[in-house]
Every structure is written in C-alpha cells, then in structure tokens.
Amino acid sequence: MRRERNERARASSYPRRLLLGSLAGLAMASAIGTTAFTQSSPSIVKIDSGELQGEAADGVVSFKGIPFAAPPVGELRWRPPQPAAKWTEVRQATEFPADCMQGRFGGPPPGAGGRAGAPPGQNATPPAQGTAPTPPPPAAPPVAKPPSEDCLYLNVWRPADSSARNLPVMVWIYGGGFTGGSSSQPGTSGVGFAKQGVVLVAMNYRVGRFGFFAFPALSSERPDETKGNYAYMDQIAALQWVKRNIAAFGGNPNNVTIFGFSAGGVSVHSMLASPMARGLFQKAIVESGGSRDSVLTARPMRKDGVDPNYPVSAETIGINFAKSMGIDGTDQAALAKLRALSAEEIQRGPAQPVAGGPPVETTPILDGKLITETAETAYKAGRQPRVPLMLGSNSADTAGNRVRARSKEELWARYGQWSAEAKAAYDPDGTTDLVALVSRANNDFGQAEPARFAADAFAAKGSPVYLYRFSYVQASMRDRMPGAPHGGEIGFAFGTLSAGRGGAPAPEDFAVSRMAQAYWVNFAKTGDPNGSGLTTWPRHAAGDGQIFEFRPDGSAGSGPDAWKARLDVTKKATESGRRDDSTRVDAGR
C-alpha cells in the first residue's frame with residue numbers, strides 16, 4: 001500500500017482529536033445503552049433516531065434498510081456522511097435498501113423477512129449433523145431496487161430471544177473492487193451468524209467515483225472536512241452507529257469484529273491503519289484482502305509521479321474525469337457542474353472513452369487525516385493496533401491478475417536476482433505449464449504472501465493472530481475449479497451455500513460450512529477461533545512457516561506450509577519494489 005511521501009502526516013492522537021467534520025457530529029449522538037427492545041415486541045427497537053419495526057422468522061429478527069447517515073445527494077455528493085434525520089413514527093425495517101450507485105450486483109438474501117426468497121436451489125440451510133440436506137422450496141426471484149446515490153443504510157440480524165444481551169457483534173464490509181458491492185447479497189445473509197448467537201451488521205458504502213474522488217475545488221471547500229475517501233468515511237460512520245446503537249439489538253458495543261473480503265478486506269486493513277477508526281472495533285478478520293502496497297490501496301492526493309504504483313494522483317484523475325465530461329477548470333463553478341451531473345452520468349462516465357487516454361478511475365487516497373499512510377507502511381513501522389486478527393486467502397485466489405508473462409523466462413525475470421530461486425520454488429522439474437505458474441504467482445503476490453506479511457507484523461507486536469488458507473471446493477464444483485477461488489470461503493463462513501453448476505451442496509459441504517462458521521463465530525466471541533469439537537488452530541508465530549488449512553478433503557489442521565518457498569521468494573521480489581506488470585497509463589485500478 002502506497003504512501004505520498006511529501007504529504008503523509010502521522011497521526012498524533014486517538015480519534016477523539018481526529019474525528020473531523022460530520023464524522024465527529026455523528027459520533028456525538030445519544031449514548032450507548034440507552035436504547036433497547038420495547039416491552040411490546042422483540043421486533044421493535046428504539047435507537048437514537050427513532051423506533052424500528054423489524055421482522056422475525058426462523059429464530060432470527062432482521063432489521064433492514066436502517067439509515068446511518070443522510071442521503072449523500074445534491075450538495076452532499078462528495079461530502080462526509082451527515083447525520084440521519086430522526087423520525088417520530090415507528091419505521092418499518094423489513095425491506096433491503098438500494099445498493100449504492102453501480103452496475104447491478106445481485107439480489108437480497110432470503111429468510112428472516114427478506115423481500116423475497118432466493119431462486120430455486122440457492123442458499124440452502126445447512127442441515128443438522130448427520131442428516132441429509134433438504135433442498136429449499138422454489139421461490140420467486142427477488143425484486144431488487146435499482147442502485148441509487150441514496151444508499152447509506154445498514155441491515156442487522158440478531159437472535160429472536162429478546163433476553164439475549166452483550167452478544168458479540170460482527171460488521172461485514174463487502175468486496176467488489178471498490179466499484180460494486182451490496183449489503184443485501186444472498187451469500188452474505190446474516191441469518192446463519194444470528195442463529196449462532198451473533199449480532200450481524202452489514203452496511204452499504206459508496207463505491208466508484210462516488211466513494212473515492214478528489215478535485216481541487218473539493219480540497220479547498222470546507223477545509224476542516226476530511227476529503228476523498230468517502231467510502232471509508234461511510235464505513236467509519238456505520239461503525240460509529242454500531243457503537244451508539246447496537247446495544248438496542250442485544251449486541252455488545254465493546255465486542256465488535258469487523259470483517260471483509262477482497263476490497264472489504266482491504267478496507268479492514270485501512271481501518272486497522274487509520275487513526276480515525278481506533279476504538280470502534282476490537283477484533284478483525286481479513287478474507288483475501290492483501291495488505292501490501294499496490295492492491296487497491298491509497299494513491300497520492302495531488303502529486304503526480306511520486307508513487308511508482310500510483311503515478312497519477314487522485315486530483316489529476318478528478319480533473320481528467322471532469323474534462324471527459326466536458327467540464328473545464330478546477331474552481332467552484334466546475335465543481336458545481338460536476339455535482340449537477342446525474343448519478344447515472346457520474347457512474348457511466350464519458351460516453352466515448354478514449355482507449356489509452358488519461359485515467360478517469362480512482363482508488364483510495366492518502367488524504368492525510370483518515371488515511372495517513374498505507375497499511376504496509378504502518379505495519380512495517382509497528383503502528384498497528386494490538387487487536388486479535390484472523391486472516392488468510394484461498395488456494396486459487398487469483399483476482400487481479402497483476403503478474404503477466406508470455407513465457408517462463410519472462411516470468412522468472414520479474415523476480416530479478418531471485419529468478420533461479422523462483423524457478424526452484426515454482427517449477428523445479430520444469431514440467432508445470434505457464435498458465436498454472438502465472439496463476440500461482442498472482443495468488444502469491446496478491447493474497448498469500450501479503451496475508452503472511454500482515455500476520456507476521458501483528459504477531460511480532462504481540463497480537464493474537466490466526467492465519468489460514470482455504471482450499472476446500474464445493475463437491476459439485478471440483479471438476480471445474482483447480483482450488484478455492486477468490487471469495488470461495490464466503491458461503492461456508494456465512495452458512496449460505498448454494499447450488500453450483502454441478503448440483504446442490506453435498507453433506508460434506510455442509511460439514512465444512514459448520515466447521516468454518518464455528519471458527520469465525522468463536523473468534524468473534526473471544527478473539528480465539530478454537531472451541532469444543534474443533535481441530536486446534538494454533539496462534540501464528542512470525543516466521544514459523546506454519547499454516548492452518550481448510551483442506552481439499554474437508555478436514556482442517558495446522559502444519560508446515562507447502563508454499564513457504566514460493567512465498568519467501570515472492571516476499572523478496574515484492575520488497576525489492578516490483579509490484580505490477582500492468583502496461584496501463586496508471587496501474588492503480
């Protein structure tokens with residue numbers, strides 16, 4: 001993760017001095033513990049903005065579409081999230097909100113009062129131990145709302161037992177490359193976790209140009225506000241909402257675990273490194289979220305050419321986008337024209353993009369307040385918080401494809417002085433085909449080695465760390481997949497396995513799901529994934545060469561990492577500065 005050397009400002013205090021602008025206003029709402037279930041119904045709660053009516057089904061109460069901030073529209077586009085309006089009547093919280101503005105990203109999860117059930121065969125409920133799975137009944141496809149700028153809402157699932165208090169809280173941050181994603185996906189329904197005694201929260205956050213955007217006039221207006229990283233501001237605002245309100249749902253605001261996959265995992269690393277997120281969570285899980293610079297991490301705000309991974313600054317990208325939309329200048333008049341564009345125009349971008357032209361897409365930004373340095377920089381300097389951390393990646397985790405080669409010789413050359421070591425680690429007898437080698441190199445550069453790097457960094461500072469590799473593939477998909485793909489663990493951890501192309505989940509798939517979810521739930525409860533009936537998962541020790549694996553045969557256990565030689569040479573090449581083989585003008589997307 002990159003830093004802008006001439007702009008980086010190390011945080012000097014905890015969040016009460018750094019929660020700026022409207023984020024600070026959100027944090028000062030009503031105190032924790034003053035809200036609770038009403039005596040009339042366990043599906044009605046009172047929070048700081050009003051009463052909510054949820055819906056109970058199958059032992060779970062769900063509350064959907066809860067506003068945690070005002071709609072970021074009109075003059076609030078590219079502003080920190082503002083406080084949500086209060087209401088006086090009981091607000092119905094039984095429908096999922098619209099996804100944030102993007103291309104369509106799927107429908108809502110079924111159960112516990114969803115808009116509609118999942119399509120046939122999707123999201124089967126794990127059966128009890130020793131019983132055969134029961135296929136779900138056919139259901140009508142969900143009626144999804146179109147994506148919208150008015151999207152700062154979250155969903156909560158909790159056990160139906162209204163007497164339950166001080167439950168562990170898990171806050172899910174979705175993936176989607178920071179260009180898409182949804183808190184209402186079938187595969188990340190909170191029903192399974194709620195049945196295990198967890199309060200599960202899933203928030204929306206702005207993505208694409210709505211979530212990360214910089215422009216000179218934006219930087220100069222309201223100088224006290226945080227700029228650029230609106231997606232991260234939304235995540236922090238949602239965590240502040242949890243701090244204030246989750247006791248009303250039976251959750252413990254002092255036992256919060258944030259977890260996310262892909263861009264959501266990158267977000268978790270960013271929250272771990274951000275001074276503005278300190279104190280808002282106590283534990284973290286990163287699923288295939290990197291940690292090294294260059295994988296969806298922060299670019300300079302306004303200086304070009306200072307970061308080899310992101311040579312084009314965020315403000316330059318903003319100017320390029322404005323020009324592509326026929327807007328000249330960088331003053332307040334130009335900004336007013338940008339805000340006057342429709343959400344569809346902002347989302348779609350120029351009608352006729354120029355191939356090879358200047359970049360108009362951005363990523364997270366080194367803004368100097370929320371993101372003061374990248375996670376890699378923070379971890380190397382020992383500035384990470386001392387919190388329990390569970391993290392890992394999958395056995396075929398090749399999202400991004402940042403390593404490119406047309407021959408084995410070209411592949412080995414990217415390792416520089418360690419080319420012979422790389423060849424010995426990846427292809428000792430010279431018989432592995434190029435496609436498989438490039439895929440493994442992508443896995444290692446983007447996910448496996450960064451996960452080990454972060455695990456080593458946290459363990460060295462005394463944090464309890466649990467490092468995993470997920471290698472199990474659903475039985476019906478094994479003839480199509482060489483290993484567990486990017487995101488392949490999600491259905492197992494959430495208990496939302498669905499029918500693959502080869503058929504419905506098998507009993508062995510449900511057994512792995514029960515096991516994986518138990519580890520996740522135990523970690524959320526205590527900071528330690530171990531529990532009764534589970535194979536012992538040892539704490540990670542920096543440099544020990546061990547890995548806890550969810551194995552292809554459905555078992556799990558710890559042992560020497562067969563990938564150690566690969567990851568060792570990947571670390572050397574990564575830390576020498578070679579991060580990306582992209583030939584695009586800006587490699588940061």
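**Overall fold, nonpolar cores and the surroundings of Ser395**

Of the 589 residues that make up the chain, 59% are classed as buried in this predicted model. The secondary structure of the chain amounts to 16 helices and 16 strands, and, among contacts between residues at least 6 apart in sequence, 78% join residues that are at least 24 apart. The surface that the chain exposes comes to about 21,900 Å², of which carbon and sulfur atoms supply 52%.

In soluble globular proteins, nonpolar side chains tend to be buried together. In the present model, the largest nonpolar core comprises 135 residues, within which Trp241, Phe249, Trp520 and Phe550 have the most contacts. Helix 5, spanning residues 230–245, gives the most to this core, contributing 10 residues. When residues up to four places away in sequence are set aside, Trp520 touches Met170, Phe193, Phe259, Ile285, Glu287, Met390, Tyr468, Ala493 and Phe550. A second core, separate from the largest one, consists of 13 residues, among them Ala422, Leu437, Ala441 and Ala573.

Ser395 is located in the loop that runs between strand 13 (389–394) and helix 11 (408–413). The side chain of this serine, Ser395, reaches the backbone nitrogen of Ala484 at 2.8 Å, and Ala484 also appears among the residues that Ser395 touches, together with Asn443, Arg469, Phe470, Ser471, Gly483 and Trp563, again leaving out residues up to four places away in sequence.

Methods. Residues numbered from 1 in each chain as written. Predicted model: local features only at pLDDT ≥ 70, side-chain atom pairs only at ≥ 80, totals over all residues. Heavy atoms only, no water. Helix = DSSP H or I, 4+ residues; strand = E, 2+ residues; numbered from the N terminus. Buried < 20%, exposed > 50% of the residue type's maximum accessible area, 1.4 Å probe, protein only. Contact = heavy atoms within 4.5 Å. Areas by Shrake-Rupley, 256 points an atom, 1.4 Å probe, with all protein chains shown as cover. Polar contact = N/O pair within 3.5 Å; in protein donor to acceptor, adjacent residues only side chain to side chain. Core = buried A, V, L, I, M, F, W, Y, C linked by side-chain atoms within 4.5 Å.
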